[in-house]
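Please open the model in your viewer, keep the sequence panel beside it, and make each selection as it is named in the stops below.

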Amino acid sequence: SSMHHTTRQRMLAPMIEYMALTDTTNPAADRTVTVLAGMAFLLPAVGSASEMLAQDTLKSAIAACSVFLAALVFLWNKRPATAPWLWHSMLGLPLTLMVYALGSVVWSHGYLASVETTRWFLLALLAWLGLNAITTNNLPRLLWGIHAGLVVASLWAMLQFWLDFSLFAQGPPPASTFYNRNFFGEYAVCALPFSVWLLSTVKSPRGAIPLAMSLAAVVTAILMTGTRSALIALALTAPLLVATVVRYRTQLPCGKWTRRTTISVVATFLTALTVLGNIPSYAVGITQERTGVTAWNRGTVRVASMAQPSEYTEGSFSVRSQMWRATLRMAMENPFAGVGAGAWEVHIPRFQRDDTVLEIDYYAHNEYLQLLSEYGLPLGGFVLAFLAAFWIHSVDTTWRVEKTAPQEAPLRGFVLTGMLAMGIVSMAGFPWHLAGCGVLFALSFSLLCGSDIRMGSHLGGAFPPPTRKTYVHRAVLVTLLICMAIAVYTTIRAVHTERTLVQALLLAKNLSKSKDTWGPEQQASKDRMLNLVREGIHLNPHYRKLTPLAAEFLMVQGDWANAAWILKSVTDSRPHVAALWKGQALAHAQMHQSSPALNALQQVQRLRPDTKATQNLEIVVLSNVGQAQTAAQLLRTYFATRNYDYEMVQAGYALGLKLRDNALAVQALQLRNQTWPEQAADGFFRMGLVHAQTMPPDHAAALEAFASGLSAVPAQEKENYLRQVPLPYRNRLDK
């Protein structure tokens, strides 16, 4: 074992030297880290100013293109001939998940599995690049990139919170350049340890004071978001960051500060945090939310809300807990292989409760549960167990490393704290699936793995790189160029798809607001909208977020034919969403198309077999496809067993009138009067009309119904009621 360790150290020695010594120059590594630093800056700092381009799409494109560019720079530039390529066993985790995702393309959802394959490949490549390129000489460059991007993003968030600044397309503010403020809060709290790390490495007091102020701005922005998982992570990691600085101050430049400098930096941070945190908001959206008009107030109110019982019955936690339980059911039903990489959103409707209204969720809001449900308990459990074991082992190593390799301790302490923050927010969000947090996660692993290798860990290894100008080297470069081209092409296609669909929805929105009589101009706009929808579906038939909204508009307009084919394009990709099948069933039923209407109804019954909504849908479909008598018999059965709701009695009344089945119509109205007595006056009036229009008319029953309705009407409405009663009966009521 000792001989093996010595051999490993001898093999790694050249690269350890390049990674550890500040006076070593490695152009390939330095330029690679410059690209990575630029990516780390752009990801949080830049956002889309137009809703034509989603923020997630922009950030994913920045991450993908930057990683491939960094790989090209790393391999293209001249590297020291003695420097091997490093490897760490932790890099096997994303590669293992990538292989599984690639395999699930065959049997699961091919498009989503391909996306997952690409995601794991990019994260693995980024972690490998960081492992081989980041040295103590260029590490500050990366830290500055992360911190600068985080500060710019925080400034955007503060402007949104205070002044309703609206440059970027997003949801409720302050979301900075992210679509959702939770996304920004999660990213900021995970990037914060890198900013503290940067501050602790500053030697000059002149540089420390501005950094302390910028750090206060970041913390203020996190408080402004009110993201509870980020606030919990901040509360738990802030003491650890302070402890890391204090414990390892002798290895950090800040340990050489004078007492006056230290006091000045701390005082600057606390003063800035106090001042910024108590500036009130003048944004209408913030004040209307009533969750605090200052950063401190919002942070405390949001944390305190977790102690309110209503949060777990009506609030967002109750919604997420339903998703978590459904995800657990999914994992238990597919324990070995899971449902397939990325296929959570496809299968989750099958495991939601029957009374669940909202089915359009794309992530489980818990990375651990989603991993287990998609990748299966054996593989997912192994990955999570390995991650936990590696983190615990790294914490233990960091605690004991002060004597053997003290220069590694600060790096490990800050990185592990950032990974802890990531682990916390992963319990209530999906940061691994977001470009910003995914990049931080991969870079954190590369930094920790590099530290392991420098310490001679058995988890690391090395192998000689291919010689320049060989076929292997050229093949790798060509492969990366192809990957880069694919990333650019995919980005262009995604942007085109989103722009096309958003333009269609904007046209639909304008048409729905139009108060003019429908004419040639409106019809031309509608035709253009439909052409845009067709183009968007052709570009990406799996884009579920926007396409169903166009179908909703068309159904409101009564354009059942176009609504039907749009909904079909979505169910072809997401076959387990009951609401989409219900829309198809209604559309085809309105067009009296029996076969497709009944097929869509069967799909709804498969997904929601015992709900009132499904029973009502069956009545409507059967009534419109030539099976009205069957629908009437079903209604009588439901009425006899007291298994009905308001929508069903309304359908019974309408169907009774359609079939001239007065007994069914009257029965439906009687049940409505009994169950919803506040509508008794209207019910008796309609009942009177049914009896009066019977052939021959039942005058006694009609008069009795009109009289009962009159007695149920408030005194101030009686005269108006009488005016609506048919004249012969009105005269008798007056007497």
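Start by selecting R181, which counts as buried because its relative accessibility is 18% and buried means under 20%. Keep in mind, while looking at any side chain here, that this is a predicted model. Now add E289 to the selection: R181 forms a salt bridge with E289, and the closest N and O atoms are 3.0 Å apart. This pair ties together distant parts of the chain, since R181 belongs to helix α7 (residues 181-200) and E289 to helix α11 (residues 284-289), 108 residues apart. Unlike the buried arginine, E289 is partly exposed, with a relative accessible area of 27%.

**Two further salt bridges**

By the rule used here, the count comes to 15 salt bridges, and two more of them are worth a stop. Select R454 and E408, whose side chains meet in a salt bridge with an N to O distance of 2.7 Å. Here too the pair links distant parts of the chain, with R454 in helix α18 (residues 435-454) and E408 in the loop between α16 (377-404) and α17 (409-425), 46 residues apart. Both partners are hidden from the surface by the criterion applied, for R454 is buried, and so is E408.

Next, select R686 and D682, which form a salt bridge with the closest N and O atoms 2.8 Å apart. What separates R686 and D682 in helix α29? They are four residues apart in helix α29 (residues 680-692), and therefore separated by about one helical turn. R686 is partly exposed, at a relative accessible area of 31%, and D682 is likewise partly exposed, at 32%. Before leaving the charged side chains, return to the starting point and add R298, because salt bridges that share partners join R181, E289 and R298 into one network.

**A buried leucine and a nonpolar patch**

Select L122 in helix α5 (residues 110-133), and display its neighbours as sticks. At 15% relative accessibility, L122 counts as buried. Leaving aside residues up to four places away in sequence, L122 touches A64, V67 and F68. If you also pick L95, which is 27 residues from L122 along the chain, the distance between the two C-alpha atoms should read 9.8 Å.

For a nonpolar stop on the surface, switch to a surface view and select F41, L42 and V46, which make a nonpolar surface patch of about 200 Å². F41 is placed in helix α2 (residues 27-45), and with a relative accessible area of 31% it is partly exposed.

**Backbone features**

Turn the side chains off and look at the backbone, with one general expectation in mind: most residues other than glycine have a negative phi, and most peptide bonds are trans. Select P173 and P174, which are joined by a cis peptide bond with omega at about 0 degrees; P174 is found in the loop between α6 (139-163) and α7. That loop between α6 and α7 also holds D164, which has a positive phi of about 60 degrees although it is not a glycine. D164 counts as partly exposed, at 39% relative accessibility.

A second cis peptide bond to select joins M695 and P696, with omega at about -5 degrees, and P696 is found in the loop between α29 and α30 (699-712). Then move to H592, another residue that is not a glycine and yet has a positive phi of about 60 degrees. H592 lies in the loop between α23 (578-590) and α24 (594-607), and is H592 buried or exposed? At 53% relative accessibility, H592 counts as exposed.

**Stepping back**

Select T675 in helix α28 (residues 662-675), which counts as partly exposed at 36% relative accessibility, together with A157. The C-alpha atoms of T675 and A157, 518 residues apart along the chain, are separated by 51 Å.

Finally, zoom out until the whole chain is in view. The protein chain has 32 helices and two strands, and its C-alpha atoms fill a box of roughly 110 × 60 × 55 Å along the principal axes. Of its 735 residues, 55% count as buried, while the chain exposes about 33,000 Å², of which carbon and sulfur atoms supply 63%. Among contacts between residues at least 6 apart in sequence, 71% join residues at least 24 apart. If you colour by charge, the mean positions of the 59 positive and 43 negative charges are 9 Å apart.

Notes. Residues are numbered from 1 along each chain as its sequence is written. This is a predicted model: local features need pLDDT of at least 70, side-chain atom pairs count only at pLDDT 80 or more; totals for chains, interfaces and linings use all residues. Side-chain values use heavy atoms; hydrogens and water are left out. Buried means under 20% relative accessible area, exposed over 50%, partly exposed in between (1.4 Å probe, protein chains only). Contact means heavy atoms within 4.5 Å. Accessible areas come from the Shrake-Rupley method with a 1.4 Å probe; for residues, only the protein chains shown count as cover. Lys and Arg count as positive and Asp and Glu as negative; His and the chain ends are not counted. The place of a charge is taken as NZ of Lys, CZ of Arg, CG of Asp or CD of Glu. Patches are made of residues with over 30% relative accessible area and no salt bridge: like charges are joined within 9 Å, nonpolar side chains (Val, Leu, Ile, Met, Phe, Trp, Tyr) within 5 Å. A salt bridge is a side-chain nitrogen of Lys or Arg within 4 Å of a carboxyl oxygen of Asp or Glu.
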